[in-house]
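Let's take a walk through this one together, with the structure open beside the text.

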Amino acid sequence: MSAAAAPKAPVADFVTSRVVAAPRDLVWKAWTEVERMKQWWGPKGFKVFHAKLDLRPGGEFHYGMKSPDGHDMWGKFVFREISAPSRLVFLSSFSDPDANVTRAPFPGREWPLRMLSTITFAERDGKTEITVRWAPFEATAEEQASFDGMRDSMTGGWGGTFDQLGDYLSKA
Amino acid sequence: MSRDRLSATFAALADPTRRAILAQLTTGEMTVADLARPFDMSGPAVSKHLKVLETAGLIARGKDAQWRPCRIEPLALKRVDDWLERYRRFWEQSLDRLEDYLHEVQAQEKSKAGKPKRPRKT
């Protein structure tokens, strides 16, 4: 294998940022009030039909959303740091309807269970710069074992649905 | 790839210096000295990171005992990259929607503020 065949990897770049034309306080509310969060969270065409938000360290944002072709997808954040109005840190993962952490709902289910996500909000002349950083967050061996045990006891019916969702996300 | 290997891969990628080293290596083979230069790090410190990347299967190193040039393992990297792209897309699209939402909600507030308030019947 030659180095020339390597993909142009943005591996150094687990970050994306965006300047939005809105005051920082409003942006903060959009991220931390459940009724607002429901209005925008998720990829294009997805609709949040379930959302519960408990804004405190250790608290969770648990959501269910419907894809444009009608599949349900569940996920959650577990908050680690809440510093209004400038910084939010949480572990994000896919989940089931009961808010148990699950593997990614598309091929490559061996990918990390959780991502550590850090969102910062900076004021820029009346606008707000939102920066989203993420990194894989590795489970301890014990968590992993308990997760794998749990997964084995789950019924297998989800595979096809999730594969379709994966296709959708990769095309979107 | 085994589960252990993948855990090692993500543990390796959790460190920003190692991600930067990988980014450097996407331009071609490099020696430890080449890699140390832009990072202002000692050779041994870079070697330590390289060892982690090698164990994770993300890079391979030449046999030449003195130079041991490093190169990226394209297949392992491709798998990681696919995941990250998917994750990035999720965020980008959510931020697009957030932007639309913020725009709408401010427009609504403006139009509300523009109308004279009617006294409510009690």
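A good place to begin is with how chain A folds back on itself: of the contacts in chain A between residues at least 6 apart in sequence, 43% link residues at least 24 apart. Keep in mind that you're looking at a predicted model. As for burial, 26% of the 172 residues of chain A count as buried.

Now for the parts list. Chain A has 4 helices and 8 strands. If you trace the chain along its sequence, the elements come in the order β-α-α-β-β-β-β-β-β-β-α-α.

How far can you trust what you see? The average pLDDT of chain A is 77, and 67% of the residues score at least 70. Among the elements of chain A, helix α1 (residues 24-32) of chain A comes out highest, with a mean pLDDT of 97, while helix α4 (residues 159-171) of chain A sits at the bottom with a mean of 43. Two stretches deserve some caution. Over residues 1-10 of chain A the pLDDT is below 50, and this stretch has 21 contacts in the model beyond near neighbours in sequence. Residues 149-169 of chain A also have a pLDDT below 50, with 20 contacts beyond near neighbours in sequence. Where pLDDT is low, the predicted coordinates shouldn't be read in detail.

With that said, let's turn to a few loops and their backbone geometry. Start with the loop between β4 (72-83) and β5 (87-95) of chain A, which is where you'll find A:Pro85. The peptide bond leading into this proline, from A:Ala84 to A:Pro85, is cis, with omega near -5°.

Moving along, A:Ala99 is in the loop between β5 and β6 (101-102) of chain A. The phi of A:Ala99 is near 70°, a positive value in a residue other than glycine. Is A:Ala99 partly exposed or buried? A:Ala99 counts as partly exposed, because it has 18 C-beta neighbours inside 10 Å, and a buried residue needs 20 or more.

The last stop is the loop between β7 (114-124) and β8 (127-137) of chain A, home to A:Asp125. Here again phi is positive in a residue other than glycine: for A:Asp125 the value is near 50°. Is A:Asp125 buried or exposed? With 6 C-beta neighbours inside 10 Å, A:Asp125 counts as exposed, because the cut-off for that label is 12 or fewer.

Note on methods: Residues numbered from 1 in each chain as written. Chains lettered and ligands numbered in written order. Predicted model: local features only at pLDDT ≥ 70, side-chain atom pairs only at ≥ 80, totals over all residues. pLDDT = per-residue confidence, 0-100. Helix = DSSP H or I, 4+ residues; strand = E, 2+ residues; numbered from the N terminus. Contact = placed C-beta atoms within 7 Å.
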